[in-house]
Structures are given as C-alpha cells and as structure tokens.
Amino acid sequence: MGFDASVSLRLVHNERLQRSRGWCVYRDLGGALAATSDAPTAALNCIEGFTTDDARIEGLLDIGFALLRAFDREPAALVTPLDRPASLAERLQHRGLQPTERSVTLALRDAAPHARAARGVDVRRATPDDAQAVARLLAAAGPKWLRRLATTATLDAIIEADTTFYLGYADGEAAGTLQLLRDGATAGVYGAATAKAHRRRGIGSALLAAAIVDARAAGCGLVGARTDAESEARPLFEAAGFAPAHESALWTLPERA
C-alpha cells in the first residue's frame with residue numbers, strides 16, 4: 001500500500017482520539033498540537049500535528065518545548081509524513097533531537113483474508129466491570145504508573161458508544177484483550193495484548209477478527225492499527241491483511257551521561 005495522505009490523515013485522527021481518552025491531553029498551539037500526560041514517557045508528552053511553515057516553525061517549537069518543560073518533560077516531537085514544513089526534521093536535529101522510536105500505522109486491505117476462529121478461545125465484549133481485567137493485560141509486567149494509567153484510560157473509554165473492548169478467554173481466564181475505536185467511517189485497533197502464558201494459541205488473531213467484523217458491520221470502510229515498527233504484534237496485523245500506510249518517528253534528546 002503506497003502513501004495516501006487522505007488515508008493517513010484519517011488514521012492519525014483516530015489515533016489521537018484514542019490517546020485523548022485517558023492517556024494524554026491535547027492543546028492546540030496554532031500550528032501544532034502539544035500532548036501532555038502523567039505518564040513519564042515521551043510518546044505521550046510531545047509536540048505533533050505540525051501544520052505550519054518555515055516562517056513560524058521555530059517560534060512554534062519554542063512555545064511547544066517550553067510547555068513540555070513546564071510539565072517537567074523534556075523536548076520531544078512525533079513526526080509523520082503529514083507534517084510540515086519539510087524542514088521540520090532538519091530543525092529538530094539542529095536542536096539536538098534524534099529519532100529514537102519508530103512506529104508504523106497500518107491499514108486493512110479491502111481484500112483481506114478471513115481469519116479462522118481459534119479452538120478453545122472465547123471472545124467476549126468487555127463491560128465496565130471488566131476494566132480491571134483489561135488494564136491488567138495491557139500493563140502486564142509493566143511499571144506501576146502504566147497499570148494506573150491503563151485502568152484510568154480503560155474506564156474512561158469503555159463507557160463510550162464508539163468504543164468496544166474485547167477479552168479473549170482461554171482455559172477459563174481472561175488471556176488477551178484488544179480495543180476497537182470507531183470514528184465515523186474509520187476504525188482503529190489498539191491495545192492488542194496477550195498474557196505470556198497463553199501466547200501462540202491464536203488469541204490475538206481471534207480478537208482481531210472479531211474487531212474487524214464489528215468495524216465492517218458499523219460501516220467503517222477504513223480500519224487501521226498502529227504498532228512499534230519492530231513489534232511482535234506487527235506480523236499479527238499483516239497476517240490479517242493489514243499493510244503499512246505510513247511510519248512515524250519520535251524525536252527526543254539523546255540520553256545524557
């Protein structure tokens with residue numbers, strides 16, 4: 001799948017909508033967006049969505065990075081092929097930032113293969129009472145702040161009519177989870193996670209298949225997903241018929257000695 005700016009714009013909008021549900025807060029800087037969060041990670045504390053020109057970009061970076069510092073966060077910027085001006089990467093590099101994390105946004109092809117149901121896996125739509133189970137799977141083996149934030153974000157999103165969380169049960173326990181966010185004719189898949197003891201049993205594929213069916217039934221002609229460029233989840237999406245739409249780079253200051 002080649003780069004299509006209109007497709008990528010819809011997917012990026014869906015991603016921001018998902019992050020705004022408990023993960024971070026967006027502020028419009030008039031030419032860019034500033035994301036801030038209680039989470040100590042640059043991915044949720046950065047400047048993104050650049051829609052400015054060469055005459056205003058330096059002042060905008062000054063304002064954005066000053067805002068991040070006010071929240072005790074280091075300068076960071078998320079850059080996609082949609083961002084402008086074209087000199088943005090060069091200007092970030094001049095300020096000492098480097099691309100330290102890369103992610104890929106994928107889109108489901110129209111002729112995607114139909115996934116088979118996994119034997120012994122029961123996929124259910126989660127309710128607010130399941131929020132703790134979802135958060136536990138999302139934050140498994142992660143730091144305490146991730147568990148707290150995942151719980152808050154899940155509780156915030158699970159009550160929304162456009163959001164569905166799924167739980168995959170195996171051997172009588174919740175072993176995997178996934179989130180579907182519908183935004184008009186666009187849908188995004190997020191938070192794909194499977195408990196380590198239950199991996200390679202088709203749980204992730206079964207959850208993804210259920211989400212795709214629901215997205216199509218809701219009239220979503222575009223279904224996307226975002227993951228780290230080298231993530232173990234990427235083959236799961238590609239096997240289900242997703243193809244790269246664009247890549248993003250998170251620019252941060254190099255680690256200080």
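Two residues are in contact when they have heavy atoms within 4.5 Å of each other. With that in hand, let us meet Phe242. Leaving aside residues up to four places away in sequence, Phe242 touches Leu106, Ala107, Leu108, Arg109, Leu208, Ile212, Val223, Gly224, Ala225 and Phe237.

A word on the model before going on. This is a predicted model, in which local features need pLDDT of at least 70 and side-chain atom pairs count only at pLDDT 80 or more, while totals for chains, interfaces and linings use all residues. Residues are numbered from 1 along each chain as its sequence is written, and side-chain values use heavy atoms, with hydrogens and water left out.

## The cores

Phe242 belongs to the largest nonpolar core, which has 24 residues. A nonpolar core is a set of buried Ala, Val, Leu, Ile, Met, Phe, Trp, Tyr and Cys residues joined through side-chain atoms within 4.5 Å. Buried here means under 20% relative accessible area, exposed means over 50%, and partly exposed lies in between, using a 1.4 Å probe and protein chains only. Along with Phe242, the residues that touch the most other members are Leu178, Leu180, Val189, Leu208 and Val223.

Which elements each supply at least two residues of this core? They are strands S5 (98-108), S7 (163-170), S8 (173-183), S9 (186-194) and S10 (222-228), together with helix H6 (203-217). Helices (H or I, at least four residues) and strands (E, at least two) are DSSP runs, numbered from the N terminus. H6 gives the most to the core, with 7 residues. A second, separate core has 18 residues, including Phe50, Leu67, Leu88 and Leu97.

## Two packed helices

Two packed helices are described by the angle between their axes and the distance between the axes. Helix H4 (residues 131-138) and helix H5 (residues 144-158) pack at an angle of about 140°, with their axes 8 Å apart. The axes are lines fitted to C-alpha atoms, for helices over the stretch in contact, and angles run from 0 to 180 degrees between N-to-C directions. H4 is therefore oblique to H5; angles under 35 degrees count as roughly parallel, over 145 as roughly antiparallel, 65 to 115 as roughly perpendicular and the rest as oblique.

From H4, the residues Ala131, Gln132, Val134, Ala135, Arg136 and Leu138 meet Leu146, Arg147, Ala150, Thr151, Thr154 and Leu155 of H5. One of these, Leu146, touches Trp23, Leu138 and Ala139, not counting residues up to four places away in sequence. Leu146 and Pro40 are 106 residues apart in sequence, yet 9.4 Å apart in space, C-alpha to C-alpha.

## A buried glutamine

Is Gln18, in helix H1 (residues 5-19), buried or exposed? Gln18 is buried, with a relative accessible area of 10%. Not counting residues up to four places away in sequence, Gln18 touches Trp23, Gln179, Leu181 and Tyr190.

## Backbone details in the loops

The peptide bond from Arg84 to Pro85 is cis, with omega near 15°. Pro85 is found in the loop between strand S4 (76-79) and helix H3 (88-94). Two other loop residues have a positive phi although neither is a glycine.

| Residue | Loop | Phi | Relative accessibility |
|---|---|---|---|
| Asp171 | between S7 and S8 | about 55° | 60%, exposed |
| Arg200 | between S9 and H6 | about 65° | 86%, exposed |
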